[in-house]
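Here is a short report on charged side chains, backbone oddities and burial in one protein chain. Please keep the structure open while reading.

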Amino acid sequence: MRQAPPLIACHENLECLLSGGRGQLLHAVARQAPAYPLFEASLPAARLLPFDMTRRVRPFLNDDQVLAHSDLAARLAGAGVQGFIPSYRASPRLERWSADNGPVLISPPHVLQRRLEDKVAFHSLMARLRLPTPAGMVLSTPDQLGRLPAGPLVCQVPFSEGMDGTALVRSARQLARRLRAGELRLPLLCRELLQGLVLGITIVVGPGQVQLSAVRHQCRGLRQRDRGLSGIQWLARSALPPGACRNIGRTMAALGRGLCGEGFRGAANIDFILADEQVWIIECNPRFSASTPQLAAWPELLHGLDLVSEHLRALQGAPLSCHRPSLPHTSFQGATVDFSDWTLAIMRAARRHRVAGLPQLGVHDFTGGKLRQISLDAAQLRGPERLLFHYSTPAGAPPSRRSDFGTLITSFPMFSFRRPRATLTRRGAALMGQLEQRVRFRRPTCTLADVRGT
């Protein structure tokens with residue numbers, strides 16, 4: 001008799017919601033979560049596991065705090081869940097909870113994730129694997145300043161989220177001044193600033209197998225008309241020279257083998273620089289990220305494969321469905337925008353501390369440059385002029401750079417990378433302009449356009 005597959009639950013996971021295999025999972029979502037209506041409308045009732053929070057938790061995908069202040073553990077046990085996918089990364093508390101309560105935590109081990117996210121440790125690993133990184137060194141004491149490259153330099157603390165903890169300095173002398181002023185603290189990974197395209201890629205690592213995603217542009221700190229934008233945009237393979245595609249494939253396949261040798265399994269996101277068709281590895285995020293929901297929604301970005309299914313196979317010790325150590329052939333150029341920086345910039349421009357209303361949750365259409373909501377069903381996202389709004393922080397709560405406020409996912413390009421820095425396309429600027437009209441503030445109730453007009 002064939003054994004039934006284990007019942008696996010995920011916690012408010014956008015990748016799992018957008019995956020073609022979402023019907024094989026149980027989706028645990030707090031009724032108080034801003035995204036609850038999205039999950040409710042997108043899933044059969046039998047696949048949704050609602051639970052209740054006893055207090056508000058800081059909304060940066062904080063699974064262990066959610067477990068501590070909700071009835072989620074009891075709901076998982078009552079449903080007979082055998083495996084649990086965290087929404088972000090593992091933690092010591094999650095691993096203890098899993099060991100004590102039964103559901104297997106389907107995630108890379110916390111210690112391994114943190115070691116790979118540690119920029120200093122990852123830099124050392126790249127040197128040991130003889131993989132290309134920008135020239136530099138770990139600065140542990142001030143007397144090592146004389147050994148640094150001439151500059152300019154990119155200096156990073158071992159652990160940081162996004163661009164927090166990263167500083168650009170013109171020279172070792174300027175770095176010394178900032179250290180004395182207490183603006184930066186040791187240890188720092190200090191590397192030569194390379195001029196080139198800042199790109200990202202996802203590697204799915206299995207036992208002796210790797211799968212490479214399409215390549216994406218990294219857009220950070222774009223400033224246009226009071227907008228602070230950060231996000232990614234996928235790059236059509238035809239936009240890259242054949243030699244660059246080969247070099248990216250070879251380097252990332254070698255990195256995948258190296259990560260496998262370190263015991264890592266699952267999806268890892270890699271930032272790198274492409275300069276004169278040469279690849280320089282920057283950092284590793286061994287987990288899902290803001291870019292991976294699109295990988296789940298558009299399988300052509302991963303050779304037609306389902307990201308979540310391949311990720312789960314690897315983490316459960318099964319072989320991947322195939323070995324794909326090269327870049328896929330895709331023309332997709334959709335974008336993802338992080339709402340945190342954008343909302344903070346809007347509030348600064350409006351001189352307000354929090355917002356009262358945001359663009360409507362769910363799938364919208366932007367045909368003809370007119371934004372209209374069409375559905376709360378996330379499956380409707382696939383389309384030439386579609387976009388999705390997803391929120392983790394409710395309107396009225398003060399956002400911060402450390403919170404996952406919300407995400408905008410589009411099926412079309414929003415940025416141009418023809419200049420040294422990313423700029424909004426005409427369509428991207430039109431969309432962001434319409435979104436500004438929908439952000440509302442309390443006391444008095446108004447939009448950003450009203451504030452600018454006064």
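Helix α8 (residues 172–180) holds Arg-173. (Helices are DSSP runs of H or I with at least four residues, strands are runs of E with at least two, and both are numbered from the N terminus.) Arg-173 is exposed, at 66% relative accessibility. Buried means under 20% relative accessible area, exposed means over 50%, and partly exposed lies in between, with a 1.4 Å probe and protein chains only.

This is a predicted model, in which local features need pLDDT of at least 70 and side-chain atom pairs count only at pLDDT 80 or more, while totals for chains, interfaces and linings use all residues. Residues are numbered from 1 along each chain as its sequence is written, and side-chain values use heavy atoms, with hydrogens and water left out.

**Salt bridges**

Side chains of opposite charge can pair when their charged atoms come close. A salt bridge here is a side-chain nitrogen of Lys or Arg within 4 Å of a carboxyl oxygen of Asp or Glu. The count comes to 10 salt bridges. The table lists three, including two made by Glu-117.

| Pair | Closest N to O |
|---|---|
| Arg-31 and Asp-52 | 2.8 Å |
| Glu-117 and Arg-114 | 3.2 Å |
| Glu-117 and Arg-287 | 2.6 Å |

Take the pair of Arg-31 and Asp-52. Arg-31 lies in the loop between β2 (26–30) and α2 (36–42), and Asp-52 in the loop between β3 (48–51) and α3, so the pair ties together parts that are 21 residues apart in sequence. Arg-31 is partly exposed at 44% relative accessibility. Asp-52 is also partly exposed, at 29%.

**Around Glu-117**

Is Glu-117 buried or exposed? Glu-117 is buried, with a relative accessible area of 7%. The residue sits in helix α6 (residues 110–117). Its partner Arg-114 lies in that helix too, 3 residues away, about one turn. Arg-114 is partly exposed, at 26% relative accessibility.

The other bridge, between Glu-117 and Arg-287, links distant parts of the chain: Arg-287 is in the loop between β14 (278–285) and α10, 170 residues from Glu-117. Arg-287 is buried, with a relative accessible area of 7%. Through shared partners, salt bridges join Arg-89, Arg-114, Glu-117 and Arg-287 into one network.

Contact means heavy atoms within 4.5 Å. Leaving aside neighbours within four places in sequence, Glu-117 is in contact with Arg-89, Pro-158, Phe-159, Cys-284, Asn-285, Pro-286 and Arg-287. The C-alpha atoms of Glu-117 and Ser-160 are 8.5 Å apart, with their positions 43 residues apart along the chain.

**His-69**

His-69 is placed in the loop between α3 (63–68) and α4 (72–78). His-69 is buried, with a relative accessible area of 19%. Not counting residues up to four places away in sequence, His-69 touches Asp-52, Met-53, Thr-54, Arg-55 and Val-57.

**Backbone points**

Which bond joins Leu-186 and Pro-187? A cis peptide bond does, with omega about 0°. Pro-187 is in the loop between α8 and β9 (188–192).

Arg-130 is not a glycine, yet has a positive phi of about 60°. Arg-130 lies in the loop between α7 (119–129) and β6 (136–139). Arg-130 is exposed, with a relative accessible area of 77%.

His-303, in the loop between α10 (292–297) and α11 (307–315), has a positive phi near 60°. His-303 is partly exposed, with a relative accessible area of 24%.
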